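Work through the following exercises on backbone geometry. Each task is followed by a stepwise solution.

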Amino acid sequence: ICITLLAEPTTGDINPANNIETICRPISNSCDPNEKHVSPNGDVISGSWLTYTIFFQNTGNDTAYSVFILDTMDANLDMNTFQPIAASHSYYTYIQDGNAVKFDFPNIMLVDSNANEPLSHGWVSYRIKSNTGLSNGTNLNNTAYIYFDFNSAVITNTTVTVIDNGVSVGEINSATGTMILSPNPASAQLIIDNGQLKINAIEIYDMLGQRVYMSQQATNSKCQTVDVSGLSPGIYFVKVKGEKSEQVMKFVKQ
């Protein structure tokens, strides 16, 4: 489920482009309350922002006086871009050994779930960019270690993000000829060349399956240019409907 937050009004805002934030989380049933999420979840282009959230809960039998989290960043994450965002309780952030981060919640006094389940939860969120120039298929793995008082660490799940920078040429469809998307990655305009077939409609979808562009006007042209400058950086899918075929291809918006 995805929730979009919009900050208004934008009048006088120096940078209104950062007033929209979308947060996505999977819906699940029984799970470990000490877990880690990453957004976006799945494929990203090299150099993208990744937002991590670590959730924790005191499921013991007494109040936890202090909690701290150790999180060692993947070697393919750029520590120079690390930014704490927010947390459920007051905390301190420490960078250790170059790529390890400690989130310290001293005197958190986190009650146990038996005494007060709603107040037994906590979380911390931060963001960081992946390194630029990473090759397709590179994995970005991340695991957190949560310490309640003097107990052994509770280890979260490992989040996995895969680098996919796209390709420069579309796939060949033997029945319709060759469709080409260029440039790919694209920053302002995307040229769609449908080979020998006319283009009847173009639709663009984001990674969540939401349609962000639609052109239903039939044309005699076999090549069209789409303005993608307003799209956020990321991976998108283009659905092109021709006279006798329909193709879906992937492109990257820089």
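**Exercise 1.** Locate D97 relative to the strands, and state its phi and its exposure class.

Solution.
1. D97 sits in the loop that runs between strand 8 (92-96) and strand 9 (100-105). Strands here are DSSP runs of E with at least two residues, numbered from the N terminus.
2. The phi of D97 is positive, about 55°, although D97 is not a glycine.
3. D97 has 75% relative accessibility and therefore counts as exposed (over 50% relative accessible area, 1.4 Å probe, protein chains only).

This is a predicted model, in which local features need pLDDT of at least 70, side-chain atom pairs count only at pLDDT 80 or more, and totals for chains, interfaces and linings use all residues. Residues are numbered from 1 along each chain as its sequence is written, and side-chain values use heavy atoms, with hydrogens and water left out.

**Exercise 2.** Do the same for M109.

Solution.
1. The loop between strand 9 and strand 10 (121-130) contains M109.
2. M109 is not a glycine, yet its phi is positive at about 50°.
3. With a relative accessible area of 43%, M109 is partly exposed (between the buried limit, under 20%, and the exposed limit, over 50%).

**Exercise 3.** Which residues does a cis peptide bond join, with omega about 0°? Place the proline.

Solution.
1. The bond joins E8 and P9.
2. P9 belongs to the loop between strand 1 (2-6) and strand 2 (20-24).

**Exercise 4.** Give omega for the peptide bond from N184 to P185, and place P185.

Solution.
1. Omega is near 15°, and the bond is cis.
2. P185 occurs in the loop between strand 17 (180-182) and strand 18 (189-193).

Conventions
Helices (H or I, at least four residues) and strands (E, at least two) are DSSP runs, numbered from the N terminus.
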